[in-house]
Amino acid sequence: MPTVMLDTNVIVGLLDPDDALHSQARDAVRRWEDRTASFAISVITWGELRMGAVRKGVAAERMLEAFRAAVVDRIVGVDEATAESAALLRAADLTIRVPDALIIATARGAKADALLTTDLKFPAIAPELVELLRPG
């Protein structure tokens, strides 16, 4: 069973029907569901999503919790090896934000088959892993 890591921006797109990438995110997740993929997120992604939901209020928090229960099979933590991998990514290119380096390193450490993202920098950093979603 393939494992797919979802980046924060993909989940935001999935949860907001008015988001420019909503249909692309939905279609990508459905394609992977058809392949019986399991979906994972980094604890960094979970923190970013939770912060956004808390700022928006109780309804957003409930929607996020429902999404987590329905779609996310695993939240992957950051251990020392993941932190080291992220540090090497960031040291090689200081334009990579630390949370982004941690998300990529988490996907690699979790042996994900793909990392779905809308971040244009990710394919150059992890071409073997990244599935870039763009507005249709």
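**Exercise 1. Which residues line the largest pocket?**

*Solution.* Keep in mind that this is a predicted model. Let's go step by step.

- Step 1: list the lining. The residues are Ile11, Val12, Leu15, Asp16, Glu48, Leu49, Gly52, Ala53, Lys56, Ala60, Met63 and Leu64.
- Step 2: sort them by class. Eight are nonpolar, one is polar and three are charged.
- Step 3: trace them to their elements. H1, H3 and H4 each give two or more residues to the lining, and H3 gives the most, with five.
- Step 4: add the volume, which is about 280 Å³ for this pocket.

**Exercise 2. Describe the overall build of the chain.**

*Solution.*

- Step 1: count the elements. The chain has seven helices and five strands.
- Step 2: read their order from the N terminus: β-α-α-β-α-α-β-α-α-β-α-β.
- Step 3: check the dimensions. Along the principal axes, the C-alpha atoms fill a box of roughly 40 × 30 × 25 Å.
- Step 4: compare with a rule. A compact globule of 136 residues would have a radius of gyration near 14 Å, and the chain agrees because its value is 14 Å.
- Step 5: look at the contacts. Of those between residues at least 6 apart in sequence, 63% join residues at least 24 apart.

**Exercise 3. Find the largest nonpolar core and explore one of its residues.**

*Solution.*

- Step 1: start with a general idea. Nonpolar side chains tend to be buried together in soluble globular proteins.
- Step 2: turn to this chain, where 44% of the 136 residues count as buried.
- Step 3: pick out the core. The largest one holds 23 residues, and those with the most contacts inside it are Val4, Leu6, Val10, Trp32, Phe39, Phe67 and Leu116.
- Step 4: see where the core comes from. Strands S1, S2 and S4 and helices H1, H2, H3 and H4 each give two or more residues to it.
- Step 5: note that another core, of 20 residues, lies apart from this one; Met5, Ala40, Leu89 and Ala112 are among its members.
- Step 6: zoom in on Phe39. Beyond its neighbours within four places in sequence, Phe39 touches Val4, Leu6, Val29, Trp32, Glu33, Val71, Val72, Asp73 and Arg74.

**Exercise 4. Is threonine 45 buried or exposed?**

*Solution.*

- Step 1: locate the residue. Threonine 45 sits in helix H3.
- Step 2: apply the cut-off. Buried means under 20% relative accessible area. Threonine 45 has 0% relative accessibility, so it counts as buried.
- Step 3: name its partners. Leaving aside neighbours within four places in sequence, threonine 45 is in contact with Leu6, Asp7, Thr8, Ile11 and Ile103.

Technical notes: Residues numbered from 1 in each chain as written. Predicted model: local features only at pLDDT ≥ 70, side-chain atom pairs only at ≥ 80, totals over all residues. Heavy atoms only, no water. Core = buried A, V, L, I, M, F, W, Y, C linked by side-chain atoms within 4.5 Å. Buried < 20%, exposed > 50% of the residue type's maximum accessible area, 1.4 Å probe, protein only. Helix = DSSP H or I, 4+ residues; strand = E, 2+ residues; numbered from the N terminus. Contact = heavy atoms within 4.5 Å. 1 Å grid on protein atoms, 1.4 Å probe; cavity = no way out; pocket = protein on both sides within 12 Å on 5 of 7 lines; lining within 4 Å. Points joined across faces, edges and corners; volume = space filled by probe spheres on them. Nonpolar A, V, L, I, M, F, W, Y, C, P; charged D, E, K, R; others polar. Rg over C-alpha atoms; globule rule 2.2 N^0.38 Å.
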